[in-house]
Amino acid sequence: MSVNYGSKRLVVGAHYGLRDWLAQRVTAALMALFTLLVLGQVIFSRGPIGYDKWAGIFASQWMKVLTFTIIIALAYHVWVGMRDIWMDYIKPTWLRLSLQVFTIVWLVGCAGWAIQVLWRL
């Protein structure tokens, strides 16, 4: 006879909990700091804010690398959140897998496009 209660309980599942919770908080903090940095550059700039001013903010190599890092952090942040939503609320396996694949393809496409725009400045 099998006993499935007490200290010998069999725990199943993906076990993503702490790692993904921490990833969400770290990526959110990075994005918030980046937002404050860009906002500070916009607030303390002189003259009208047009394309030239925005291009100037993102022209330096260190800002491009930092922005690239934030784009990757944003994509990972979105992936963790959407994956959790799909796992929690979409029960048919084929539909959940399809939505996860679509999400990955969409995020990679958006990140690629954002990087292309960033290095085109």
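In the predicted model, the axes of helix 1 and helix 3 approach each other to within 9 Å and cross at roughly 140 degrees. Helix 1 is therefore oblique to helix 3, an angle over 145 degrees being needed for a pair to count as roughly antiparallel. The crossing of these two helices is left-handed. Helix 1 spans residues 17–43, and helix 3 covers residues 61–89. On the side of helix 1, the residues that take part in the contact between the two helices are D20, A23, Q24, T27, A28, L30, M31, F34, L37, V38 and Q41. They meet a set of residues in helix 3 that consists of W62, M63, L66, T67, I70, A73, L74, Y76, H77, V80, G81 and R83.

Helix 3 also packs against helix 4, which is formed by residues 93–120. Here the axes lie 10 Å apart, and the angle between them is about 170 degrees, so that helix 3 is roughly antiparallel to helix 4. The crossing of helix 3 and helix 4 is right-handed, whereas that of helix 1 and helix 3 is left-handed.

These helices belong to a chain whose secondary structure comprises four helices and zero strands, the order of elements from the N terminus being α-α-α-α. The chain has 121 residues, of which 26% count as buried. Among contacts in the chain with a separation of 6 or more, 67% are made by residues 24 or more positions apart.

Charged side chains provide a further link between helix 1 and helix 3. Side chains of opposite charge can pair when their charged atoms come close. Three salt bridges are found in the structure, and R19, D20, R83 and D84 are joined by salt bridges into a network. Within this network, the side chains of D20 and R83 meet with an N to O distance of 2.3 Å. Because D20 lies in helix 1 and R83 in helix 3, this pair ties together parts of the chain that are 63 residues apart in sequence. D20 is buried, at 3% relative accessibility, and R83 is likewise classed as buried, with a value of 7%.

Each of these two residues has a further partner in the network. The side chain of D20 forms a salt bridge with that of R19, with N and O 3.7 Å apart, while R83 forms one with D84, for which the closest N and O atoms are separated by 3.1 Å. The relative accessibility of R19 is 52%, so this residue counts as exposed. D84, by contrast, is partly exposed, since its relative accessible area is 29%. The network thus includes the buried residue D20 and the exposed residue R19.

A polar contact is also found where Q24, a residue of helix 1, meets residues of helix 3. A polar atom of the Q24 side chain lies 2.7 Å from the backbone oxygen of H77. When residues up to four places away in sequence are left aside, Q24 touches H77, V80 and G81, each of which is listed among the residues of helix 3 that meet helix 1. With a relative accessible area of 17%, Q24 is buried, as the limit for this class is under 20%.

Definitions and conventions:
Residues are numbered from 1 along each chain as its sequence is written. This is a predicted model: local features need pLDDT of at least 70, side-chain atom pairs count only at pLDDT 80 or more; totals for chains, interfaces and linings use all residues. Side-chain values use heavy atoms; hydrogens and water are left out. Buried means under 20% relative accessible area, exposed over 50%, partly exposed in between (1.4 Å probe, protein chains only). A polar contact is a pair of N or O atoms within 3.5 Å; within protein, one must be able to donate a hydrogen and the other to accept it, and residues adjacent in sequence count only if both atoms are side-chain atoms. Contact means heavy atoms within 4.5 Å. A salt bridge is a side-chain nitrogen of Lys or Arg within 4 Å of a carboxyl oxygen of Asp or Glu. Axes are lines fitted to C-alpha atoms, for helices over the stretch in contact, and angles run from 0 to 180 degrees between N-to-C directions. Angles under 35 degrees count as roughly parallel, over 145 as roughly antiparallel, 65 to 115 as roughly perpendicular and the rest as oblique. A crossing is left-handed if the near helix is turned anticlockwise from the far one by less than a right angle, and right-handed if clockwise.
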